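Q: Got a minute to go through this one with me? I'd like to start with the ligand and then look at the domains.

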Amino acid sequence: MTNLPKLSKRLQCAADLVREGSFLADVGTDHAYLPVVLAATGKIRGGIASDIHKGPIERARAHVREWGLEKTLSTMLCDGLCGIESYAPDDILILGMGGELIADILARAPWTKKEGVRLILQPMTHAELLRAFLLENGYGIVKEALVKEDKIYQIICAEYTGRTEVRTAAELAFGKENLQRMDETARELLLHWQQILGRRIEGKRKAGADASEEIKLREEIDTWLS
Ligand SMILES: C[S@@+](CC[C@H](N)C(=O)[O-])C[C@H]1O[C@@H](n2cnc3c(N)ncnc32)[C@H](O)[C@@H]1O
């Protein structure tokens with residue numbers, strides 16, 4: 001058998017949030033490297049790796065076969081979490097998609113609003129929309145992480161509590177725990193956004209458009225960086 005794939009820092013960080021002995025659903029799995037590694041090393045008792053596209057799911061199936069994991073890992077061609085409920089997963093991974101799409105996938109799967117189910121999410125964009133969706137819909141954020149590779153990735157771990165929460169614009173965009181920790185990676189992320197917002201504010205001012213939201217977020221970033 002060939003060596004197990006080496007997980008990137010981003011995938012390893014998500015894998016570390018998966019609980020020992022859980023049944024995993026990896027939605028939008030593509031290569032299925034993460035479930036393959038977790039099943040082969042015995043961290044999870046089983047899992048379902050799904051994808052909406054044929055090419056990725058065929059790749060996932062080939063990798064499951066390559067490492068002889070057919071008995072512990074199933075694969076499924078499906079949209080989001082449709083059809084995944086019957087597997088009763090404990091931990092659900094949705095990594096490498098836009099924040100809006102992740103929120104939409106969760107909105108179409110209200111069965112994830114269940115005590116004991118853990119969501120491990122990594123939005124490529126619009127982390128603020130995903131956090132707002134989670135907090136308005138009774139999911140509590142239990143852990144936040146930032147991973148620096150070619151860029152800085154945000155990883156959000158959430159579980160259903162039934163309580164709604166309100167956060168500031170910066171807390172939604174960057175994660176309250178990340179802001180409070182304010183390590184080197186969080187600082188770098190905020191400095192990056194300070195620049196992006198500066199350009200957006202300038203552009204909007206020139207176009208005579210309302211830039212009040214961007215100004216408010218930048219002021220909050222300035223305060224966190226001071
Ligand atoms: C950028 S890849 C991320 C792969 C892997 N999760 C990772 O983070 O390395 C995104 C994957 O999500 C899949 N995808 C996109 N929309 C989806 C949906 N609605 N349901 C399931 N999979 C989806 C794509 O086919 C693609 O394989």
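A: Sure. A residue counts as near the ligand here if one of its heavy atoms lies within 4 Å of it. Keep in mind that this is a predicted model.

Q: OK, so which residues come nearest to the ligand?
A: There are 18 residues around the ligand, and Arg10, Gly28, Asp51, His53 and Gly80 come nearest.

Q: What does Arg10 do with its polar side-chain atom?
A: That atom sits 2.7 Å from an oxygen atom of the ligand. As for cover, the ligand taken alone exposes 600 Å², and the protein buries 81% of that.

Q: Which backbone atoms lie by a nitrogen atom of the ligand?
A: Ile52 has a backbone N or O atom 3.3 Å from a ligand nitrogen. For Leu95, a backbone N or O atom is 3.0 Å from a nitrogen atom of the ligand.

Q: Which element gives the largest share of the shell?
A: Strand 4 does, with three residues. Helix 1 (9–16), strand 4 (91–97) and helix 4 (99–107) each supply at least two residues of that shell.

Q: And how does the shell split by class?
A: Eight residues are nonpolar, six are polar and four are charged.

Q: Switching to domains: how is the chain divided?
A: Into domain 1 (9–167) and domain 2 (185–225). Their C-alpha centres are 31 Å apart. Four residues from domain 1 and four residues from domain 2 make up the contact.

Q: How much area do the two domains bury between them?
A: About 420 Å², with 75% of it on carbon and sulfur atoms.

Q: Which residues in domain 1 lose the most area to domain 2?
A: Leu146, Lys148 and Ile152, which together account for 91% of what the domain 1 side buries.

Conventions: Residues are numbered from 1 along each chain as its sequence is written. This is a predicted model: local features need pLDDT of at least 70, side-chain atom pairs count only at pLDDT 80 or more; totals for chains, interfaces and linings use all residues. Side-chain values use heavy atoms; hydrogens and water are left out. A polar contact is a pair of N or O atoms within 3.5 Å; within protein, one must be able to donate a hydrogen and the other to accept it, and residues adjacent in sequence count only if both atoms are side-chain atoms. Accessible areas come from the Shrake-Rupley method with a 1.4 Å probe; for residues, only the protein chains shown count as cover. Helices (H or I, at least four residues) and strands (E, at least two) are DSSP runs, numbered from the N terminus. Ala, Val, Leu, Ile, Met, Phe, Trp, Tyr, Cys and Pro count as nonpolar, Asp, Glu, Lys and Arg as charged, and the others, Gly among them, as polar. Domain bounds come from an automatic or database domain assignment. Contact means heavy atoms within 4.5 Å. Buried area is the accessible area (1.4 Å probe) that two parts lose on being put together, summed over both.
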